[in-house]
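Visitor: I'd like a close look at one small part of this model. Could you walk me through it?

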Amino acid sequence: MSIKFYFEGTIHNTSFLMEELSYYFGKMYQIKIEEATQIEEAAIVLQVTPNQQELDQIHIELVDGKGIIESNTPVGLLIALYRLFKEMGVRYLRPGKENEWIPTLSKDAFTQFEMHLTEEASYKHRGVCIEGADSFENTQNFIDWLPKIGMNSFFIQFENPYSFFKRWYEHEFNPYLEKESFSNEIAQEMSDLIDEEMLKRGLVHHRVGHGWTSEVLGYSSKYGWESNLILPEEKKPLVAELNGERELYATAPILTSLDFANPEVAEKMIRLIVDYAKNRQDVDYLHVWLSDARNNICECADCQKEIPSDQYVKILNQLDEALTQEGLATKICFLLYHELLFAPETQKLINPERFTLMFAPITRTFEMSYADVDYENNIPAAKKYVRNKIDLPNSLEENLSYLFEWQKDFKGDSFVYDYPLGRAHYGDLGYMKISKVIYRDIKYLDQLHLNGYISCQELRAGFPHNFPNYVMGQMLWDNTLDYAVLEEEYFASLYGKEWQQVVQYLTALSNYSSCDYFNAIGERLNPVLSARYATAVHLANERLTLIAENTAQAAAFHKQQWLQLGYHREFVMKLGKALELLSQGQEERAQNQWKDFLDYIRRHELQIQENLDVYRIIEVAKNYAGFKL
């Protein structure tokens with residue numbers, strides 16, 4: 001038995017769509033797929049019908065296995081296909097096809113299949129930005145997963161993902177593994193292949209971000225946070241003057257601010273950005289950010305006449321004019337982050353249609369949601385900018401006060417660039433609290449006049465499960481979904497009949513841990529939290545029998561998930577004990593326990609690599625939580 005599909009209109013990725021149809025129909029129904037040459041021959045027509053709507057829309061009309069699958073965008077058509085397969089019982093639980101739950105159905109089941117569905121995405125921007133340490137396969141699998149959970153965008157920081165690949169292939173922070181072959185050339189080859197993966201799925205392409213300040217000084221953005229460099233004398237007039245000196249900040253170009261009163265700086269930066277936009281017209285949203293450090297703004301007499309965001313908006317307006325002259329429609333994302341949280345005092349964007357506002361509250365708490373804020377009574381007046389003396393807020397209220405100041409003059413496109421899976425999730429030992437915060441944040445976005453969400457995060461944020469990202473994608477597609485329904489469809493598929501016991505256990509772990517403590521928010525000495533960590537360790541110890549029995553008895557798919565949960569149980573016992581001791585103030589014992597934890601995750605990295613970013617948890621622990629390396 002075979003089914004014929006016909007592609008109506010200009011669809012650039014027909015071969016990839018046929019591959020996906022063949023895979024899922026073959027797995028579920030053992031049905032072969034063919035491409036019809038005429039519409040009359042086809043059982044199902046796949047069609048992209050562009051319109052003026054910014055939101056992805058899908059329409060599926062099938063009766064007795066025949067009909068139409070339609071969208072207004074290429075990525076929307078792919079989302080529609082995965083939505084069809086989900087209706088048939090497929091669950092996309094983690095990146096990688098091997099982590100999908102695919103039922104086996106009779107051939108007759110499809111010939112009797114009926115579906116009538118019309119949906120429109122709740123938000124325009126639905127994506128993830130690469131962070132951490134990643135292999136090519138990690139990145140490829142994550143990109144493949146995005147449209148399956150309703151996402152439409154991927155953001156590659158810098159010129160290419162060199163920094164993120166380098167951390168993995170050279171196994172930074174894990175001396176137990178041998179370094180693998182890696183070079184600029186290998187990174188570029190991988191980057192080109194990743195671009196192809198995005199293109200064939202029709203994903204909205206975001207790129208660069210930090211790095212333009214580095215490029216002005218002659219340092220490539222591809223190297224990310226490289227340091228221990230010395231600034232040539234002839235470049236010094238371009239960098240910020242701090243305490244009477246002009247040098248690289250902390251020896252790192254990406255951390256170094258520039259002298260924006262020097263006209264050569266804006267001229268160089270705009271030329272670099274325009275040239276990039278001309279050469280990379282596949283990039284839909286080009287991110288133009290400043291340095292990735294704070295309190296290092298130029299103190300020269302001319303710069304002191306304006307606050308940083310006024311200088312920033314001036315450059316953005318000049319950039320818009322230059323792009324217009326070149327006939328380039330590239331969208332520019334501008335950043336509310338560090339000093340740029342403070343809204344401009346005198347400048348406005350002349351052509352708001354060119355720009356998308358990106359609100360990045362990197363120091364926010366994740367112990368509460370945007371939905372918890374008392375907007376009538378608790379939003380303070382935004383603080384005034386004081387040069388090189390800013391303190392970034394942890395509270396949602398203060399962070400939002402800066403957003404609201406920007407929104408007074410900028411009414412254009414916008415999204416939040418948030419960090420629940422960038423650092424804070426390591427503090428949530430069960431990943432259930434962070435899932436609920438993501439759910440409630442996204443449900444509330446439209447009331448903040450934000451048109452979406454891009455998560456700056458590790459791609460390997462799946463230890464013990466990937467429910468936070470699953471919730472993120474599903475809610476960005478449909479913000480009316482019920483949390484309990486999402487929880488059941490995810491965990492019942494991931495763990496089988498004992499899923500409720502797992503959810504109870506993971507929820508308890510979340511309740512007895514803290515996103516904020518791991519993320520350096522709050523007092524380091526905390527007896528109440530120490531007692532909670534002790535309880536979390538006890539809970540993990542108690543679950544040995546449950547996990548061992550299910551690992552032994554489960555069929556192949558579920559066995560792998562229970563194995564990961566077993567590794568995670570030991571992870572919790574070792575990390576939880578270290579956090580218990582640290583929050584008690586027992587520094588030496590805490591550091592010794594941390595060494596035991598390090599030994600464990602390093603020895604088992606190849607068994608847990610797809611789900612835990614060992615590099616990143618170590619980096620966050622030493623920079624924020626208080627552990628030593």
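Visitor: Let's zoom in on H171: does H171 count as buried or exposed, and at what relative accessibility?

Guide: Quick housekeeping before we get there. This is a predicted model, where local features need pLDDT of at least 70 and side-chain atom pairs count only at pLDDT 80 or more, while totals for chains, interfaces and linings use all residues. Residues are numbered from 1 along each chain as its sequence is written, and side-chain values use heavy atoms, with hydrogens and water left out.

Now to your residue. H171 counts as buried, because its relative accessibility is 7% (buried means under 20% relative accessible area, exposed over 50%, partly exposed in between, with a 1.4 Å probe and protein chains only). As for where to find H171, look in the loop between α5 (162-169) and α6 (184-201); those helices are DSSP runs of H or I with at least four residues, numbered from the N terminus.

What's around H171? Setting aside residues up to four places away in sequence, H171 touches K166, L177, E178, K179 and E180, where contact means heavy atoms within 4.5 Å. One of those partners, E180, deserves a second look: the side chains of H171 and E180 make a polar contact at 2.8 Å. By polar contact I mean a pair of N or O atoms within 3.5 Å; within protein, one must be able to donate a hydrogen and the other to accept it, and residues adjacent in sequence count only if both atoms are side-chain atoms.

For contrast, try S122, in the loop between β8 (115-120) and β9 (125-131); strands are DSSP runs of E with at least two residues. S122 is partly exposed, with a relative accessible area of 23%. Leaving aside neighbours within four places in sequence, S122 is in contact with L55, M475, L476, W477, D478 and N479.
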